[in-house]
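Open your viewer and get ready to click along with this short tour. Each stop tells you what to select and what to look for there.

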Protein chains: 2
Amino acid sequence: MNRAGIIHTQQHHHLYLTSSHEAIIRIQTPKGEGVNVTIIHGDPYDWKDGSWQATQTEMKLLKTDDLYDYWSTSVSMPYSRMRYGFKIKTETETLFYTERGFYTERPAEISAYFCLPYAHDTEVFSPPPWVQNTVWYQIFPERFANGNPSRDPDTTLPWGSEPPKPDTFFGGDLDGVIQHLDYLQQLGITGIYFTPIFEAFSNHKYDTIDYLSIDPHFGDEDTLRTLIQESHKRGIRVMLDAVFNHSGYYFAPFQDVLQHGENSRYKDWFHPFELPLQPDGDRPNYETFAFVSSMPKLNTKHPDVRQYLLKVATYWVEEFDIDGWRLDVANEVDHDFWRSFRNEVKNLKKDVYILGEIWHQSSPWLQGDQFDAVMNYPLTDAIQGYALHQQSSHDAQVALTKHLMSYPASVNAVQFNMLDSHDTARILTTSKENKALVKLQYALLFSFPGSPCIYYGDEIGMAGENDPGCRACMIWDEAKQDKDMLAFLTQLIALRKHHPAFGTYDELFFHQSDDPAVLHYQTSTADETLYFVFNRSLATKSITLPKENQEQWMDLFTEK
Amino acid sequence: MNRAGIIHTQQHHHLYLTSSHEAIIRIQTPKGEGVNVTIIHGDPYDWKDGSWQATQTEMKLLKTDDLYDYWSTSVSMPYSRMRYGFKIKTETETLFYTERGFYTERPAEISAYFCLPYAHDTEVFSPPPWVQNTVWYQIFPERFANGNPSRDPDTTLPWGSEPPKPDTFFGGDLDGVIQHLDYLQQLGITGIYFTPIFEAFSNHKYDTIDYLSIDPHFGDEDTLRTLIQESHKRGIRVMLDAVFNHSGYYFAPFQDVLQHGENSRYKDWFHPFELPLQPDGDRPNYETFAFVSSMPKLNTKHPDVRQYLLKVATYWVEEFDIDGWRLDVANEVDHDFWRSFRNEVKNLKKDVYILGEIWHQSSPWLQGDQFDAVMNYPLTDAIQGYALHQQSSHDAQVALTKHLMSYPASVNAVQFNMLDSHDTARILTTSKENKALVKLQYALLFSFPGSPCIYYGDEIGMAGENDPGCRACMIWDEAKQDKDMLAFLTQLIALRKHHPAFGTYDELFFHQSDDPAVLHYQTSTADETLYFVFNRSLATKSITLPKENQEQWMDLFTEK
């Protein structure tokens, strides 16, 4: 056996809890070695006549990628404790794999085995249950709808009169959202993610001036309260965007440091390399988001900054009953801050969704003590690789499998999945205006574990390059809306709601496809199995579906 | 290449910080593939003319075990941020390995690369600097010395008059320790680890009655104060044992639950399966340490329990200036509790050593936010495997390498290393009374990274089976002491103190040994190289030492 490729790490993708009495255990073995895997497990203190009372459970082959077979099983722990090891057999060889390495005989010493010393109920990853059934809609408030022209900035341009530029304003506001809640309800979405709405300088509001005020161009406290109440009435949850990695240039404490330098009581709120601050020039002399001088990095390790930001975090939950926090540039803030953030917020409202903006593998933040999910861009990339970049269906299967297997099922189930956002080109543009491919990708997205999100306007066929192009004004003129796309996404949302097999995880099973353009997999619950067959090419393809259950086939889209 | 065996995980054994501007990165490749490894790295926001400004650094082959080559390098991060990937080359093949998997061409998309988003100074693993230069001495107070017979329990037996039993008392106390501090100073040790000294029922005191009182058989507050002051005067630090996983049967809150059941205000301090509690019978109807009914598991997730135990933790630091906390059964207490514990204790005294009792791989507790070290029993087992259990020197090298490579160098440097303790047989007994093998093992222990500990009495040749045998009364009659062993350990301690190459880590280099009985490695600093050559057999062996520096050879023990 290729021992170097047999891997179990006790990290959450290999070991996670579903309760204090059940663990899911996974192990990777090199692909196609024809092994079977058994787990040997027992309570470390359960001894009889001098021998450890371990039992053996066969593991199930869960998934396969290009390099590994992934095995999984659940193990119950009556006393919340476990020691365990693996027995890996081929026809000619039996290996025992433990914390201490490989043995050809089953090790007698319990100290060699992997140890799960105690499963605490508080350490079970516990996201809000509503998230996995939610379909999100992302709104960039300055560009969704202008419901109250009296709030418009002075420089406001007529709605949609020109393509957006980094500094243009079109007067979008929260009143406009309220006026279109019925539209969103008809579309079927059940959650709105708002990019920032707090007072800020720019149109995107990621450069906060005051974390405790709503931007006057967007509305006031009453507007937000009404928006949230009216949303909740329609079964729509509301998530706001917290920009805690950095403040804006006009945030009062930063202005204070700019003005008073060494004498500012706020100088430790930031990370100056030296004082006075020099925001101009090639690179500022203080830490920033990227090298953007108008976004000075906040010192979230400073007690006063922590206290201030945690007050912000709880204020909007307590006073306005928001349902989620999306955390901007979340990976650049320290873990200790996020742990306190989670404690404070969840103590107020247990089922708030905490979503980090992280674009890469995010295990350190998804251990149960910080975030419930991250923005799942690696999934976006895998989908686009297949649909748009000529990656074969086999390679797509590998990428999707690798990604799913890098997290527990409980994490995948609540990830925030999207094809585009205010930080990318729109999917229609990425897809070179090919609407069929957009539909294919949305169908793929909706079939997957996690809660999918539609970026405002995608549903009516809006296009746009990355910032600023993707931030154009929503098209409300029905004559200019793509009604076919709207009907498709409305139907897709309804299908996902009515078929719980959408988004199932361990039961997502890939069928081998001989055609690089055809991706074929199934998801299932106890009651139904859904077959997803995608063809990214222009050519007509035929595939053979499995024979079982043939009489009960139904095309979900045509209901025939 | 055997891709399934190329592994980099972003866990601390593969990626750790030495400061907010420097990371150590490691990667494993399958052994003996003849590769060389280069890391491609750069600040993610450092772009010029549309291309990412990454640099390449060659990695160094650090160690090798039976399956893997381990590569390492340090990378500097001027802005505390990094994206990185690996270039792995053989004579015929070049692979690029990133978060997204393998590529045959260097990926252009920065999103494919591994990400270290931000290196916070607060997330650098920072143990107390004094630990790596400390030599510990473990004292089981009931058995070290009876300095004040007026404190003796009624049932006290004459000192050393019979072999210890689970319930015998011999009258050892803190006064006895004070009286022998000069002896310890002469031995050369610089830290004492005391098993519990708080009021408890048993002779071992792991069943606490009152966490805020010193056991009256051991002394009072003045005794402890004197002990610590006198120790500090002699350059000896003092570590106490905190038993927070469970209380004793006679702990007042547990007695309250026993008596009042449902009506006890303390019922949530424990984990009853049902009430009233039934301590008798095969297995108690509440959670315990193992299945020991006299050690009920504390609910460290309950706010009142936390507050109480954290008060205990800070009280002994604040009032008595202790230097370390050894945490009993530390792996069965929740991580959140230990994070608070660390914060509270380190806020009071920054360089307190926090040592968890964990017998298995302990990465989850050694991330910098909980413990500084654990009791390094896997090292003990590896040493004994070679010295006592006929494991070949090659297998010992593999086990030692695997173990060292499962942690950052900064963790290994402060681990608590020992050959025996109150929870094992004494090393002389494990070694079947072979004193030469005991010396060999102590020399091996002292040569290794981490801070070594001598279990009281080992230095004068005491033997004893596991509990209760290993807890015999210290022999103070010089005629009965093994003076040769005492001289050896005294010299070994002095050598370790005077030669900083003892205990170096990345510079610990194994020489291939053709003889399974001969283990041969070197450690070094810039100024000196130490060669360790062990022969566990009775036969005389000869080895050839490297030619370089031959004129400067010196035998450390004979100084010739």
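Copies here are superposed by least squares on the C-alpha atoms of residues with pLDDT of at least 70 in both. This is a predicted model, in which local features need pLDDT of at least 70 and side-chain atom pairs count only at pLDDT 80 or more, while totals for chains, interfaces and linings use all residues. Residues are numbered from 1 along each chain as its sequence is written, chains are lettered from A and ligands numbered from 1 in the order in which they are written, and side-chain values use heavy atoms, with hydrogens and water left out.

**Stop one: the axis**

Colour the two chains separately. A turn of 180 degrees with a shift of 0.0 Å along the axis lays chain B on chain A with an RMSD of 0.0 Å. The two copies are thus related as by a two-fold rotation axis. To find that axis from chain B, select G5(B): its C-alpha is the nearest one in chain B, 2.3 Å away.

**Stop two: the interface**

Now select the residues of each chain in contact with the other (heavy atoms within 4.5 Å). You should have 51 residues of chain B against 51 residues of chain A. Because 100% of the interface residues of chain B are also interface residues in chain A, the copies meet through the same surface.

How much area do chain B and chain A bury between them? The figure is about 4400 Å², with 52% of it on carbon and sulfur atoms; buried area is the accessible area (1.4 Å probe) that two parts lose on being put together, summed over both. Show Y45(B), Y79(B) and Y118(B) as sticks: they supply 13% of the area that chain B buries against chain A, more than any other three residues.

Next, look for charges that pair up. A salt bridge here is a side-chain nitrogen of Lys or Arg within 4 Å of a carboxyl oxygen of Asp or Glu, and the rule finds eight across this interface. Zoom in on R339(A) and D369(B), whose side chains meet in a salt bridge at 3.6 Å, N to O.

**Stop three: two helices of chain A**

Helices are DSSP runs (H or I, at least four residues), numbered from the N terminus. Select α3 (residues 221-233) and α5 (residues 303-320) of chain A, whose axes come within 10 Å and cross at roughly 65 degrees. The axes are lines fitted to C-alpha atoms over the stretch in contact, and angles run from 0 to 180 degrees between N-to-C directions. Add side chains: E221(A), L224(A), R225(A) and I228(A) in α3(A) meet Y315(A), W316(A), E319(A) and F320(A) in α5(A).

**Stop four: backbone details**

Where does P276(A) sit? Look in the loop between α4 (252-260) and α5 of chain A. The peptide bond from L275(A) to P276(A) is cis, with omega near 0 degrees. Jump to chain B, and the bond from L275(B) to P276(B) is cis too, with omega near 0 degrees.

Finish at Q390(A), in the loop between α7 (377-387) and α8 (393-404) of chain A. Its phi is near 60 degrees, a positive value in a residue other than glycine.
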